[in-house]
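Trainee: I have a model open and want to learn how to read it. Can we go through it together?

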Amino acid sequence: MALATDESVHELPEMTPMGNPLDWSWLRGTRAEWGMNPVPSRRGLTMMDIATGTYGEVLEEPPYRSMAPRGADIDEDTPDMGYILNHKSQVWADNVVELYEEAVARQWSSTRDIPWNELQELPSDIEHAMCQLCTVLTEIEMIATDLPAKWMWRMNHHFVEAKMFLATQIMDEARHADVFRKRALANGGGLLLSGSGDESLLRSILEAKTYTQASALLHLLGEGFILDVFRQGELIAPTHVEKKIFRLSMQDEARHVAYGTMHIRQAIAGDPDVADEIHEALDHGEQFLIEFGTSPVLSSALAILLGGGSEHIEDKGFPMQSLLATKIFTSYLARCERAGLNRIDRTDLPLELLGIDIDAFDRTGV
Amino acid sequence: MSDRVNDLAFYQDLADLMNAHPDQYETLGEVDFTLGVLMAAEGGNDLRLRLRFEDLGCADVSPLSEGGEASCDCWLEGDTDSWGEMFDDITTNGRATGRRTINSLTLVGDRIDVRGDDPMGVDKFFRFNQTIQQFFDGAAQLAPSSA
Ligand SMILES: [Fe+2]
Ligand SMILES: [Fe+2]
């Protein structure tokens, strides 16, 4: 109970000089926990450090649908804000608080942290391919910004750390759109072709009927793919400047994937029937991803970059592309398993064509 | 530098370097990650070690027992030659370049592979990758010519 014991609290005015009523109940004592003394960790005072007592109790089904902060003494007649995601399993992930702190600690600046003045003039085909890849990446990064933004305002404020994490994702994606746009323009090139074939995947993410379906499509499938593209990005980067761009972006992307994997796990644990709706979304999503990943524009740009030039598309570019595709989908299927989702027995992905040996797949290793 | 690649003390030197310069890691942010390194060498001079990264430093460098890698978030498995090439490249260029960054070396997985029992642990290798690379890049400062 919060209670001020000073005698002066009994002699407080009931009205402002303007005649407006004053409520001193918060000073005389509330039902909220008082006297919290969280101990900062070595890195400072984290959200984990203050998750003590009722402040750290994330309820499965909070009684209010208001913007009231969790742990506060909430008025019984607090207004319903119309949130539709009111169950913990609909938004939460066991690692979300740590991921939020990690995201805050590991923010970077595309303006400051990339050595732009060390870019080098590149052969024309490589520069074009890099600019084409940056065009595609800029396009999809903004979808990954729009998606959390679309759902956040429908999430019960009780799950504030999940909303805070998604806010960091929005910032991360904005920075990715920013850094790839900058790279496209920074070295004598520019943006190239925005193909029409990218729409199916991106639209299916944005138009998913539930947040958990959207999260499976974005965090688990789409961003899992982009995480691996960023890994490849470093391999194909012509100079250390691009390497740093891809590596720093990859770190952010891995956080988004980590949230999505554990969110899907939480969603299924909370309501096993949800697995069916996720499977349905991924049935379509995987086909769209294959379409997207093999789109003539993206795959031709990647083939040049992986080959190290247009003269090595066939002897180096294509073989490397198919080798990496195997890794991309193996990692994806392993994450699905971790999320509690058995896609191996259900997927229509051409596993054999992708070089994935189901018998050798141990469902844990990647 | 490659002559020290399977010497545990070399990694302790890298850790000491990191711990002496937290400012250089500050913009990259804090880390919470345990990485195993399993290095196979001809002649049986294998090295198995555990690197524990906490906050802005490397809190522990210790030998890893047989099977001890299961206690790590993930581990890197490869031959000493691949590691040696990375450290030689770092010494020559001041940082890992081209296809000799730790991320590039593990991408295909033919020479050094990133492995783990849990995909979430493996993904930590990606979440903290720039910090790990900078840690290894410290080898350039340990090289005799720059001492
Ligand atoms: Fe992104
Ligand atoms: Fe992302």
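Trainee: Which residues touch the most other members of the largest nonpolar core?

Mentor: In soluble globular proteins, nonpolar side chains tend to be buried together. A nonpolar core is a set of buried Ala, Val, Leu, Ile, Met, Phe, Trp, Tyr and Cys residues joined through side-chain atoms within 4.5 Å. Buried means under 20% relative accessible area, with a 1.4 Å probe and protein chains only. Here the largest core has 140 residues, and Tyr11(B), Leu51(B), Trp83(B), Phe87(B), Phe135(B) and Phe136(B) touch the most other members. Helix 7 (residues 211-236) of chain A gives the most to this core, 14 residues. Helices are DSSP runs of H or I, at least four residues, numbered from the N terminus.

Trainee: What should I know about the model itself?

Mentor: The model is predicted: local features need pLDDT of at least 70, side-chain atom pairs 80 or more, while totals for chains, interfaces and linings use all residues. Residues count from 1 along each chain as written, chains are lettered from A and ligands numbered from 1 in written order, and side-chain values use heavy atoms, without hydrogens and water.

Trainee: Which residues are the protein donors of the iron ion (ligand 1)?

Mentor: Donors are N, O and S atoms within 2.8 Å of the metal (3.2 Å for Na, K and Ca); water is not among the atoms, so sites may look incomplete. Glu141(A), Glu173(A), His176(A) and Glu253(A) serve here, 2.0 to 2.3 Å from the ion. Glu173(A) also coordinates the iron ion (ligand 2), and the two ions are 3.3 Å apart. Glu173(A) lies in helix 5 and Glu253(A) in helix 8 of chain A, so the pair ties together parts 80 residues apart in sequence.

Trainee: Are Glu173(A) and Glu253(A) buried or exposed?

Mentor: Glu173(A) is buried, at 0% relative accessible area. Glu253(A) is buried too, at 1%.

Conventions:
Helices (H or I, at least four residues) and strands (E, at least two) are DSSP runs, numbered from the N terminus. Buried means under 20% relative accessible area, exposed over 50%, partly exposed in between (1.4 Å probe, protein chains only).
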